[in-house]
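Trainee: Hi! Could you walk me through this one while I have it open on my screen?
Mentor: Sure, pull it up and ask away.

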Amino acid sequence: MVTEHTPTEEGLASTRNFLQCLGRYGNTPFLFPVYGLGEIPQCFCRMCAVFGGIYCLRHSVSCLLVDKDTNRCKAVIDSRGQRISCSHFVVEEGYVGPERKRVATPPRFISRAVLITDSSVLSSNSDQQVSLVTIPPIAAGCAAVRMVELSPSTMTCMPGTYLVHLTCQSSGSAYEDLSPLVSRIFCTPDSPDQENCPSVLWCLYFNITDGSGLETEGHDLPSNVYMCSGPDGGLSHENAIKQAEAIFSKILPDEDFCPPAPNPEDIIYDGDATASAEGEDKEGEDKEGEDKEGEKENQDKLEEAVLTEETVQAEE
């Protein structure tokens, strides 16, 4: 999605992408995973594990071991003092100290609010599972707010409740940016007169750094250490995908980025490959034995035919 400050070329590309996604999986161009967006990284983690990826759970990295001659990270030391060798190291920018970062433009921030309500903002006869709306600025100097409402059918909240996400560019604290809008749309202790509106059962306001405005290149880091940014205010994961592809091309320049998942029936595991090879060898041995038995049987028949012919000639 774009803002009023987006260049025309980028806006047209975003519009084209929106239109191309229409009708792929229904009337909406958007897809939302059941159980929330946390299922997306879990999906990639599971696929990585299937193909040999190793995860060190409940371990954190304490420091890096860098070769001064090559300026490459050769290993990491985890929180338990264990050394783990590595060829490449990818790190989120929040773990990199300010003394290692290149001086750049000040970071932008995003204001977020997460609400749990007792009913939907839509009419009671609506069957929408995920609702998306962009709310124009309610006052001069305020930013437009994107609201996403999730129903219990998305498995992100308990039955009888709804989960609401509010996001906008920060001009102050998250509470200052979003609480006036919440008071207008929902029934809260600050707006008890909104009796016909959904009631807020729980709410949380917080600010995060806008990852789309952070520089990931040119920092004082070893040559095989790659920095990526955190979440941004975009509706999609386009910025994260671009960063992942850029890092992947540096680590594995000759490999395809994110190829389609193979058919499960076409996957050959190490154990299966060994068993298959042994089966082929055994099949070859059995076939060779059958060929030898066939040759011996043919030889016996030939000798028997020769003896019969000699016997007939002797009788004559």
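Trainee: Is Phe18 buried, exposed or partly exposed, and why?
Mentor: Phe18 counts as partly exposed, because its relative accessibility is 33%, and that value falls between the 20% cut-off for buried and the 50% cut-off for exposed. Keep in mind that this is a predicted model.

Trainee: Okay! Where is the place of Phe18?
Mentor: Look in helix H1, residues 8-21.

Trainee: And which residues make a nonpolar surface patch with Phe18?
Mentor: Leu19, Leu22, Phe30 and Leu132 join Phe18 there, and the patch is about 410 Å².

Trainee: New topic: strands. How many residues of strand E5 are buried?
Mentor: In E5, residues 109-117, 7 of the 9 residues are buried, so the strand is largely enclosed by the rest of the structure.

Trainee: Which strands do bridges join to E5?
Mentor: One is E9, residues 200-209, joined to E5 by 9 bridges. Another is E8, residues 162-169, with 8 bridges to E5. E5 runs antiparallel to E9, and E5 and E8 are antiparallel too.

Trainee: What stands opposite Ile116 in E9?
Mentor: That's Trp202. In E8, the bridge partner of Ile116 is Leu163.

Trainee: Last one, helix H2. How far apart are its end C-alpha atoms?
Mentor: They are 16 Å apart. H2 has 12 residues, 39-50, and at 1.5 Å a residue it should span 16 Å, so the two agree.

Trainee: Nice! And what follows H2?
Mentor: Gly52 does, with a positive phi near 100°.

How values were computed
Residues are numbered from 1 along each chain as its sequence is written. This is a predicted model: local features need pLDDT of at least 70, side-chain atom pairs count only at pLDDT 80 or more; totals for chains, interfaces and linings use all residues. Side-chain values use heavy atoms; hydrogens and water are left out. Helices (H or I, at least four residues) and strands (E, at least two) are DSSP runs, numbered from the N terminus. The expected span of a helix is 1.5 Å times one less than its number of residues. Buried means under 20% relative accessible area, exposed over 50%, partly exposed in between (1.4 Å probe, protein chains only). Two strands pair if DSSP finds at least two bridges between them. Patches are made of residues with over 30% relative accessible area and no salt bridge: like charges are joined within 9 Å, nonpolar side chains (Val, Leu, Ile, Met, Phe, Trp, Tyr) within 5 Å. Accessible areas come from the Shrake-Rupley method with a 1.4 Å probe; for residues, only the protein chains shown count as cover. A salt bridge is a side-chain nitrogen of Lys or Arg within 4 Å of a carboxyl oxygen of Asp or Glu.
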